[in-house]
Amino acid sequence: MPPPPSSLPPRVLPNLVSCSRRAVTSAATAAAAAYSTAAAAGGGGGGGRPLRYAVLGAGFAGLSVAWHLLKHSPKGSRVRVDIYDESGIGGGASGVSGGLLHPYSPKGELYGRLQARKLLTYCWSLQVLDSDEAQCLIPGLCVPLNFAVYMPLALNINPKKYLQVALFFACQNMSDEASLSSSEQKECKLYNEHVDDLQQLAGDYDSVIICLGARASSLPELTNKLPLRTCRGVIAEFQLPSDTIETYGSQSPSILSDAWLAFQGPRTVSIGSTWQWKSENYSSSVSDDEALNAMEELLPKASAVYPGITKWKFVQARAGIRAMPPLTANGSLPLLGCLNDVIGKRSNCSFWLVGGLGARGLLFHGLAGKLTAKAVISCDENLIPPEFTCWKEP
């Protein structure tokens with residue numbers, strides 16, 4: 001993405017109207033920075049059995065945890081990570097997301113406060129644009145009050161491809177590279193299987209990390225024990241008819257407003273999202289009636305900021321269930337931490353949670369995966385900032 005004209009004043013503001021689109025070139029960079037590895041408690045040495053971890057869920061959270069467990073396990077250790085997801089990689093809400101990576105809500109609020117905000121150290125610079133400057137980036141953009149904000153460092157990725165081709169491949173590649181070493185061994189396998197309860201895994205693993213999103217509450221050990229709210233979201237996908245000469249600019253950013261528009265190339269865009277609270281419909285399929293209702297809600301919002309969307313043709317709708325965290329004094333932050341006291345530990349296996357990423361899975365998954373993997377490897381929940389574990393306090 002080329003920078004805007006030099007005349008644009010680079011002022012930092014607490015809101016965002018439009019965000020840019022840029023390709024992701026490395027799963028490793030999106031999985032967050034490395035940390036110093038702590039010594040693992042128990043086996044895993046060259047002569048003992050491998051440390052075995054079960055990760056439940058193959059979405060943003062699950063694959064990030066798996067990557068960090070492999071990356072930051074103690075040097076010379078033997079590690080095996082088994083990922084369980086009956087729907088496959090990105091089969092849940094992660095694969096349905098819009099792929100917009102930025103730390104702001106449509107209302108202009110920065111996600112996370114206190115220590116969590118400090119941990120989001122990426123430089124999200126913002127630049128103020130007037131109507132003419134904004135329309136140079138997006139021809140035909142409607143700019144209320146002659147005011148827009150441009151975020152050149154924001155990203156727009158294809159979530160399915162990122163999960164399936166980049167992040168999971170990174171896990172496999174790390175395992176393959178480790179197999180060339182005589183001092184350590186790393187394995188990562190995916191099982192398209194449903195896990196009925198946690199205790200069936202306890203005898204086979206040192207730790208089980210639950211990254212199932214809204215489905216975490218369906219495990220019998222966690223029923224009515226997690227402060228999660230379910231919210232079904234529908235995303236509508238549109239394409240520009242082949243006989244339309246005018247296309248969306250290859251250098252034009254995606255748009256964040258009352259409805260976001262995530263452009264994937266010059267002729268494809270996803271518009272989202274609806275919010276259906278307390279939904280129990282986990283199906284990714286969308287009925288004709290639900291799709292029609294979504295279009296009636298989303299199109300007026302999208303056309304208000306980008307009128308040209310009326311020329312595009314509806315293709316399909318996709319849906320997923322978000323696991324929304326509670327609103328606290330620190331903001332709406334993911335739920336992390338050890339679950340031994342929550343579920344009642346009955347074996348040598350420890351249980352951990354990465355949940356409540358809500359609609360911000362792409363933003364938080366690298367950080368949440370890093371913090372959780374570090375705590376799991378070290379058997380020390382105190383390595384996770386208290387803002388993420390305070391949900392367990394009475």
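Select leucine 145 first, in the loop between α5 (131–137) and β6 (148–151). This is a predicted model, and in it leucine 145 takes a positive phi of about 60° although it is not a glycine. The residue is exposed, as its relative accessible area of 83% is over the 50% cut-off.

**The whole chain**

Zoom out to the full protein, which holds eleven helices and 17 strands. Of its 394 residues, 52% are buried. If contacts are restricted to pairs of residues at least 6 apart in sequence, 80% of them join residues at least 24 apart.

**Helix α2**

Next, select residues 60–71, which form helix α2. The helix has twelve residues and reaches 16 Å from its first C-alpha to its last, close to the 16 Å expected at 1.5 Å a residue. Colouring by accessibility is useful here: eleven of the twelve residues are buried, so α2 is largely enclosed by the rest of the structure. The buried residues of α2 are Phe60, Ala61, Gly62, Leu63, Ser64, Val65, Ala66, Trp67, His68, Leu69 and Leu70.

Two helix partners of α2 are visited in turn. Two packed helices are described by the angle between their axes and the distance between the axes.

**α2 against α6**

Add helix α6, residues 159–179, to the selection. Its axis and that of α2 are 10 Å apart, and the two helices pack at an angle of about 20°. The two are therefore roughly parallel to each other, since that angle is under 35 degrees. The crossing in which α2 passes α6 is left-handed.

Show side chains at this contact. From α2 come Phe60, Leu63, Ser64, Ala66, Trp67, Leu70 and Lys71; from α6, they meet Pro159, Tyr162, Leu163, Leu167, Phe168, Ala170, Cys171, Met174 and Ser175. By class, the residues of this contact divide into 13 nonpolar, two polar and one charged.

**α2 against α10**

Keep α2 displayed, hide α6 and select helix α10, residues 361–378. Here the packing angle is about 40°, with the axes 8 Å apart. The helices α2 and α10 are therefore oblique to each other. In this case α2 passes its partner α10 in a right-handed crossing.

On the α2 side, the residues to display are Phe60, Ala61, Ser64, Val65, His68 and Leu69. They meet Gly361, Leu362, His365, Gly366, Gly369, Lys370, Thr372, Ala373, Val376 and Ile377 in α10. The residues of the contact of α2 with α10 comprise eight nonpolar, seven polar and one charged.

While both contacts are in view, the spacing of the listed residues may be followed along the helices. An α-helix has 3.6 residues a turn, so residues three or four places apart point the same way.

**Along α10 to its end**

Now select α10 alone. Its 18 residues span 24 Å from the first C-alpha to the last, close to the 26 Å expected at 1.5 Å a residue. The helix is mostly covered, with 17 of its 18 residues buried.

Move just past the end of α10 to cysteine 379. This residue is found in the loop between α10 and α11 (386–389). Its phi is near 55°, a positive value in a residue other than glycine. At 47% relative accessibility, cysteine 379 counts as partly exposed.

**Arginine 80 in β3**

Return towards the N terminus and select arginine 80, in strand β3 (residues 78–84). Is arginine 80 buried or exposed? With 16% relative accessibility, arginine 80 counts as buried. Residues up to four places away in sequence being set aside, arginine 80 touches Leu51, Arg52, Tyr53, Glu187, Lys189 and Tyr191.

**A cis peptide and strand β14**

Centre the view on the peptide bond from glycine 272 to serine 273, which is cis, with omega near -10°. Serine 273 is placed in the loop between β13 (268–272) and β14 (276–277).

Continue to glutamine 276, in strand β14. Glutamine 276 counts as partly exposed, at 41% relative accessibility. Which residues are in contact with glutamine 276, leaving aside its neighbours within four places in sequence? They are Thr230, Cys231, Arg232 and Glu290. Finally, mark the C-alpha atoms of glutamine 276 and glycine 233: these residues are 43 apart along the chain, and the two atoms are separated by 6.3 Å.

Methods
Residues are numbered from 1 along each chain as its sequence is written. This is a predicted model: local features need pLDDT of at least 70, side-chain atom pairs count only at pLDDT 80 or more; totals for chains, interfaces and linings use all residues. Side-chain values use heavy atoms; hydrogens and water are left out. Helices (H or I, at least four residues) and strands (E, at least two) are DSSP runs, numbered from the N terminus. The expected span of a helix is 1.5 Å times one less than its number of residues. Buried means under 20% relative accessible area, exposed over 50%, partly exposed in between (1.4 Å probe, protein chains only). Axes are lines fitted to C-alpha atoms, for helices over the stretch in contact, and angles run from 0 to 180 degrees between N-to-C directions. Angles under 35 degrees count as roughly parallel, over 145 as roughly antiparallel, 65 to 115 as roughly perpendicular and the rest as oblique. A crossing is left-handed if the near helix is turned anticlockwise from the far one by less than a right angle, and right-handed if clockwise. Contact means heavy atoms within 4.5 Å. Ala, Val, Leu, Ile, Met, Phe, Trp, Tyr, Cys and Pro count as nonpolar, Asp, Glu, Lys and Arg as charged, and the others, Gly among them, as polar.
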